[in-house]
Amino acid sequence: MFTVIRYSLRSSRGAIIGWGIGLAALAIMMGSFYDMMVGSNEMMDVMNAYTVTMPELAEIFNFGAMNTPIGWLDVEYFSFVPLIIGLFATGAGASLLARDEEDGTLDLILAHPVSRTVLFWGRFLANTLVIIILLLISWASLLLPMTWSENFSIPAFELLLPFTSLFGILLFFMTLSLLFSMLMPARRTASMLAGMLVGASFFITMLSGVVDELERAADFSPLTYLETAAAIEDGLNLTWFGIFIAIDLVLVLISWQLFQRRDVRVGGEGSWRLQDLKTIFIKK
Amino acid sequence: MVKNYGRVKALKGVDLDVNSGEIFGFLGPNGAGKTTAIRCMLDLIRPQGGSISMLGINPQEEPEAVKERVGYLPGELHVDENMTAREVFRFFNRLRGNRSDWEFIDELSERLKLELVSPIKNFSKGNKQKIGVVQALMHKPELLLLDEPTGSLDPLMQQEVHRMLAEAQNRGATVFFSSHIISEVQAIADRVAIIREGKIVEVAVTENLLHRSMRQVRIRFQQPTEAEELYKLPGVKLIAKDDSMGLLLQVEGQMDVLIKTLAKYPVNDFETERTSLEEIFLAYYNGEKDK
């Protein structure tokens with residue numbers, strides 16, 4: 001298991017470095033801009049004007065709360081970062097095993113005395129670690145501007161809570177994409193479908209505050225349950241976090257069972273039909 | 001074994017016994033089912049029917065126990081191309097619990113002139129194939145499953161790999177290899193199976209197959225002769241008639257009857273040539289020896 005985790009992390013080095021730098025730069029930039037924003041009367045006037053002239057837009061982006069560090073992060077950081085990292089999570093989930101399968105490298109790895117279970121869980125843990133590392137980089141990068149900022153300050157532990165909530169949802173996107181990759185004919189199809197669901201969840205959640213028709217749909221949108229400012233102010237809702245972790249676990253267990261029972265494709269084979277769901281329940 | 005991919009019947013009932021310690025050639029053209037059979041043996045794909053026992057173990061029930069003792073070379077080698085050959089060997093060695101002897105790995109690499117420290121993405125197809133050969137042999141497995149082991153190698157390297165397989169056999173290993181290079185099978189296999197469209201059509205000791213196989217007989221008479229009775233003999237087939245003085249015949253089985261019949265005729269020249277495994281193989285594929 002350790003060898004599988006180690007080599008999976010090694011092959012994710014590029015993703016960790018690339019995404020880590022991007023997310024760190026974004027977090028530092030957003031943290032640094034806060035002083036500029038609260039120090040500018042003109043900017044605050046513009047925000048206040050929005051709440052009067054365009055209340056719907058102001059509600060979507062919660063402009064009224066931007067004069068506090070928590071509100072600023074809620075609007076300028078947590079409003080779109082889950083979409084970005086969510087897309088990364090779907091890509092990671094779809095690639096967990098299907099990329100090696102399509103590249104043909106899985107064939108030789110599984111010809112060694114490593115069980116499908118060890119390979120599956122080793123890869124899953126490695127990818128989960130990659131997501132945790134990226135979230136920790138983002139968290140640490142938001143703490144960094146607090147060292148020089150006069151106004152931007154949130155206790156480190158409390159700032160960790162929105163990232164904890166985000167972790168549960170990212171894991172949901174990753175495991176959903178992983179499940180799709182076990183069922184779909186190709187990794188790209190799985191990644192694309194899961195990515196579309198992330199995008200749909202983002203827009204439904206964002207617009208549900210102003211479009212009444214989307215309110216019911218938002219109940220089924222994972223990002224609706226992302227806690228950002230609320231987690232910092234009132235603490236993490238452990239019930240919802242627990243529900244997401246439980247769903248993640250169910251999805252990953254189904255994927256594991258599918259991987260246990262399926263044929264491993266030879267590199268280059270492209271035209272596979274949808275895997276038969278009954279294979280989950282019926283042992284060959 | 002029976003294996004279907006949807007409506008495609010890849011293996012229609014492959015029945016094989018491979019003896020311990022032998023080099024067994026598995027001969028067939030692309031798409032005949034060679035790779036499918038080998039991948040079933042390693043539990044990479046699951047057959048719909050039949051059973052497999054390797055080294056006394058059912059690979060579907062105890063895949064790791066089998067793979068512990070097997071070395072596998074896939075038909076097309078795919079590895080992480082950002083790694084070097086040494087890193088690939090280290091990775092596979094770790095998956096095997098660090099069982100391999102690095103001196104042996106270095107020796108195999110040296111014999112195949114394999115560069116160990118450059119990234120694999122810079123390698124030619126032949127050099128990648130060498131990595132596959134070394135990783136299959138490096139832990140001195142009891143059973144080698146090799147899917148077209150010398151496909152991309154130059155003739156010198158092919159011979160080196162043949163020597164390595166012979167050495168593995170001398171150490172007690174069993175070698176099961178698929179190939180469509182008939183000369184290779186003829187050169188190193190103790191026994192051979194021919195697979196056609198998912199069915200085994202022949203299993204034989206390579207030497208016996210060659211001996212009991214067809215011969216071509218070229219006869220030159222001293223004068224124009226019809227000699228129709230010659231190619232009406234059982235097992236004899238007329239291939240060509242060269243004016244009225246010469247005949248080219250294909251003879252399957254014993255030559256005795258043909259020679260005795262021919263003794264009645266004034267013969268100027270008589271040449272016989274045993275068919276190669278390639279011709280036997282082609283005969284199966286041309287439907288001449290359907291079973």
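## The open sheet of chain B

In this predicted model, chain B holds an open sheet of 6 strands with mixed pairing, in the order S4-S5-S6-S3-S7-S8. The edges are taken by strand S4 (70–73) and strand S8 (199–205) of chain B; each has a single partner strand, so one side of each is left without a neighbour in the sheet. From one strand to the next, the twist averages 15°.

Within this sheet, strand S5 (residues 143–147) and strand S6 (residues 174–179) of chain B pair in the parallel sense, over 5 bridges. Leu145(B) stands opposite Phe176(B) in S6(B).

## Helices against the sheet

Helix H1 (residues 34–41) of chain B packs on the sheet. The strands touched by H1(B) are S3 (23–27), S5, S6 and S7 (191–196) of chain B. The direction of H1(B) makes about 145° with that of S5(B).

A further helix of chain B, H5 (residues 125–137), lies across S4 and S5 of chain B. H5(B) runs at about 170° to S4(B).

## Leu73(B) in the edge strand

Leu73(B) has its place in strand S4 of chain B, which is one of the strands at the edges of the sheet. Is Leu73(B) buried or exposed? Leu73(B) counts as buried, because it has 27 C-beta neighbours inside 10 Å, and 20 or more are enough for a residue to be called buried.

Leaving aside residues up to four places away in sequence, Leu73(B) touches Gly132(B), Val133(B), Ala136(B), Leu146(B), Asp147(B) and Pro149(B). Ala136(B) is 63 residues from Leu73(B) along the chain, yet their C-alpha atoms are separated by 5.7 Å.

## Chain B as a whole

Chain B has 10 helices and 12 strands. Its C-alpha atoms fill a box of roughly 75 × 40 × 35 Å, taken along the principal axes. Chain B consists of 291 residues, of which 39% count as buried. Among the contacts in chain B between residues at least 6 apart in sequence, 70% join residues at least 24 apart.

## Two loop residues with positive phi

Asn98(B) lies in the loop between H3 and helix H4 (102–111) of chain B. Its phi is near 55°, a positive value in a residue other than glycine. Asn98(B) counts as exposed because it has 11 C-beta neighbours inside 10 Å, the limit for exposed residues being 12 or fewer.

Ala227(B) is found in the loop between strand S9 (214–221) and strand S10 (236–242) of chain B. Phi of Ala227(B) is near 45°, again a positive value in a residue other than glycine. With 18 C-beta neighbours inside 10 Å, Ala227(B) counts as partly exposed.

## A helix pair in chain A

In chain A, helix H6 (residues 81–103) and helix H9 (residues 156–183) pack at an angle of about 35°, and their axes are 7 Å apart. The crossing of H6(A) past H9(A) is right-handed. On the side of H6(A), the residues making the contact include Pro82(A), Ile85(A), Gly86(A), Ala89(A) and Leu97(A). On the side of H9(A), they include Leu166(A), Ile169(A), Phe173(A), Leu176(A) and Phe180(A).

Which classes of residue make up the contact of H6(A) with H9(A)? There are 16 nonpolar and 6 polar residues, and no charged residues.

## Where the chains meet

In the contact between the two chains, 19 residues of chain B meet 19 residues of chain A. On the side of chain B that touches chain A, the elements giving two or more residues are helix H2 (63–68) and helix H3 (85–95) of chain B. H3(B) gives the most, with 4 residues.

By class, this side of chain B has 9 nonpolar, 2 polar and 8 charged residues.

## Confidence of the prediction

The model scores ipTM 0.76 and pTM 0.80. Chain B averages a pLDDT of 86, and 92% of the residues score at least 70.

Which elements of chain B have the lowest and the highest mean pLDDT? Helix H10 (residues 277–285) of chain B has the lowest, at 67, and S4(B) has the highest, at 94. Where pLDDT is low, the predicted coordinates should not be read in detail.

Conventions:
Residues are numbered from 1 along each chain as its sequence is written. Chains are lettered from A and ligands numbered from 1 in the order in which they are written. This is a predicted model: local features need pLDDT of at least 70, side-chain atom pairs count only at pLDDT 80 or more; totals for chains, interfaces and linings use all residues. Two strands pair if DSSP finds at least two bridges between them. Axes are lines fitted to C-alpha atoms, for helices over the stretch in contact, and angles run from 0 to 180 degrees between N-to-C directions. Two residues are in contact if their C-beta atoms, placed from the backbone, lie within 7 Å. A crossing is left-handed if the near helix is turned anticlockwise from the far one by less than a right angle, and right-handed if clockwise. Ala, Val, Leu, Ile, Met, Phe, Trp, Tyr, Cys and Pro count as nonpolar, Asp, Glu, Lys and Arg as charged, and the others, Gly among them, as polar. pLDDT is the predictor's confidence in each residue, from 0 to 100.
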